[in-house]
Amino acid sequence: MKLNSLAEAEAAVLERGARPEYCFAIVLKESGKVIGEIDGHLESASPEENAPCDTFSPCWMLNKAYYGKGYAFEAAQAFFDYLFGEKGIRRVYAYTEDYNLPSQHLCEKLGMRREGMFLEFVSFVNNADGTPLYENTCQYAILKREWDARK
Ligand SMILES: CC(C)(COP(=O)(O)OP(=O)(O)OC[C@H]1O[C@@H](n2cnc3c(N)ncnc32)[C@H](O)[C@@H]1OP(=O)(O)O)[C@@H](O)C(=O)NCCC(=O)NCCS
């Protein structure tokens, strides 16, 4: 989500604070400095009203100054251990734009399978002429049994 003002950023921080189970800061051990976040949303794999929410879609983001140091990989590994080991998650899937190679690389390092590409799937911004700019989106996923088998 694109934030356009300090007020929107403050509201976003409060919203994250309201769901502490699935929203984590990435913090440097030595200094306590916050360098990123990892969160996502929980959903059910079934339309049944009381079906368990056992599917999770993560989102990760680092301060640019800390790219390329392995912090996202370390955080995502810990997050996946938590999701599969403690939160009863059965399947984790991630969407990433076709041009977002660092995020795709991270998915692959985590052992996620590339399941496909949705062409012109979603639009966040407009073209210069005001028409929606549709992006191609890759989907990656990993099941609990696949995560456990990597250990
Ligand atoms: C996606 C994103 C989190 C990836 O960050 P990243 O820093 O590239 O990822 P990592 O933490 O895994 O670091 C990878 C690189 O760090 C380097 N590295 C250095 N020390 C390392 C270590 N101890 N362990 C692992 N990697 C290390 C390696 O070069 C590694 O690359 P490699 O796997 O090719 O060897 C980052 O690009 C980002 O925040 N993007 C903007 C937000 C975004 O697009 N999010 C996705 C949509 S929700």
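What follows is a dialogue on how to read the helices, the sheet and the core of a predicted model.

Colleague: Before we look at details, which secondary structure elements does the chain have, and in what order do they run from the N terminus?

Modeller: This is a predicted model, and its secondary structure comes to four helices and six strands. Starting at the N terminus, the elements run α-β-β-β-α-β-α-β-β-α. The C-alpha atoms fill a box of roughly 50 × 40 × 35 Å along the principal axes, and buried residues make up 15% of the 151 residues in the chain.

Colleague: How should I read the sheet, and in what order do its strands stand?

Modeller: Strands of a sheet pair through backbone hydrogen bonds, and they may do so in a parallel or an antiparallel sense. Here the six strands form an open sheet in the order β1-β2-β3-β4-β6-β5, with mixed pairing. The edges are taken by β1 and by β5 (113–126), each of which has a single partner strand, so one side of each is left without a neighbour in the sheet. Direction ignored, neighbouring strands of this sheet are turned by 30° against each other on average.

Colleague: How many bridges join β1 to β2 at the one edge, and where in the hairpin is phi positive?

Modeller: Four bridges join β1 to β2, and the two strands run antiparallel; Ile26, for instance, has Gly36 in β2 as its bridge partner. The hairpin of β1 and β2 has six residues between the strands, and Gly32 takes a positive phi near 80° in it.

Colleague: And at the other edge, in what sense do β5 and β6 pair, and over how many bridges?

Modeller: β5 and β6 (residues 132–143) pair in the antiparallel sense over nine bridges. Gly116 stands opposite Gln139 in β6, while Val122 stands opposite Glu135 in β6. In the hairpin of these two strands, which has five residues between them, Gly130 takes a positive phi near 90°.

Colleague: Is β5 largely covered or largely in the open?

Modeller: Of the 14 residues of β5, the number buried is zero, so this strand lies largely in the open. One residue to inspect there is Glu120, which is found in strand β5 and has a positive phi of about 45° although it is not a glycine. Glu120 is exposed, with 11 other C-beta atoms within 10 Å.

Colleague: Turning to the helices, how do I read whether one side of a helix is buried, and which residues of α2 are buried?

Modeller: The general idea is that an α-helix has 3.6 residues a turn, so residues three or four places apart point the same way. In α2, the buried residues are Ala72, Ala75, Ala76, Phe79, Phe80, Leu83 and Phe84. These buried residues cover an arc of only 150° around the axis, which puts them on the same side of α2. On the other side of α2, Glu74, Asp81 and Glu86 are exposed.

Colleague: What span should the 16 residues of α2 have, and what follows the helix?

Modeller: At 1.5 Å a residue, the 16 residues of α2 (residues 71–86) should span 22 Å, and the end C-alpha atoms are 22 Å apart, which agrees. The helix is followed by Gly88, whose phi is positive, near 70°.

Colleague: What do the buried residues of α2 pack against?

Modeller: They pack against β1 (24–27), β2 (34–43), β3 (55–62), β4 (91–97), α3 (101–109) and α4 (144–149).

Colleague: How does this helix relate to the core, and which residues have the most contacts inside it?

Modeller: In soluble globular proteins, nonpolar side chains tend to be buried together. The largest nonpolar core here has 21 residues, and those with the most contacts inside it are Ile38, Ala75, Ala76, Phe79, Phe80 and Leu83. At least two residues of this core come from each of β2, β3, α2, β4 and β6, and α2 gives the largest share, seven residues. Leaving aside residues up to four places away in sequence, Ile38 touches Phe24, Ile26, Pro58, Trp60, Ala75, Ala76 and Phe79.

Colleague: Is α1 hardly covered or well covered, by contrast?

Modeller: Helix α1 is hardly covered, since the count of buried residues among its 12 residues is zero. This helix (residues 6–17) reaches 17 Å from its first C-alpha to its last, close to the 16 Å expected at 1.5 Å a residue.

Terms used. Residues are numbered from 1 along each chain as its sequence is written. The expected span of a helix is 1.5 Å times one less than its number of residues. A residue is buried if 20 or more other C-beta atoms lie within 10 Å of its own, exposed if 12 or fewer, and partly exposed in between; C-beta atoms are placed from the backbone. The arc is that of the directions from the helix axis to the C-beta atoms. Two residues are in contact if their C-beta atoms, placed from the backbone, lie within 7 Å. Two strands pair if DSSP finds at least two bridges between them. Axes are lines fitted to C-alpha atoms, for helices over the stretch in contact, and angles run from 0 to 180 degrees between N-to-C directions. A nonpolar core is a set of buried Ala, Val, Leu, Ile, Met, Phe, Trp, Tyr and Cys residues joined through C-beta atoms within 7 Å.
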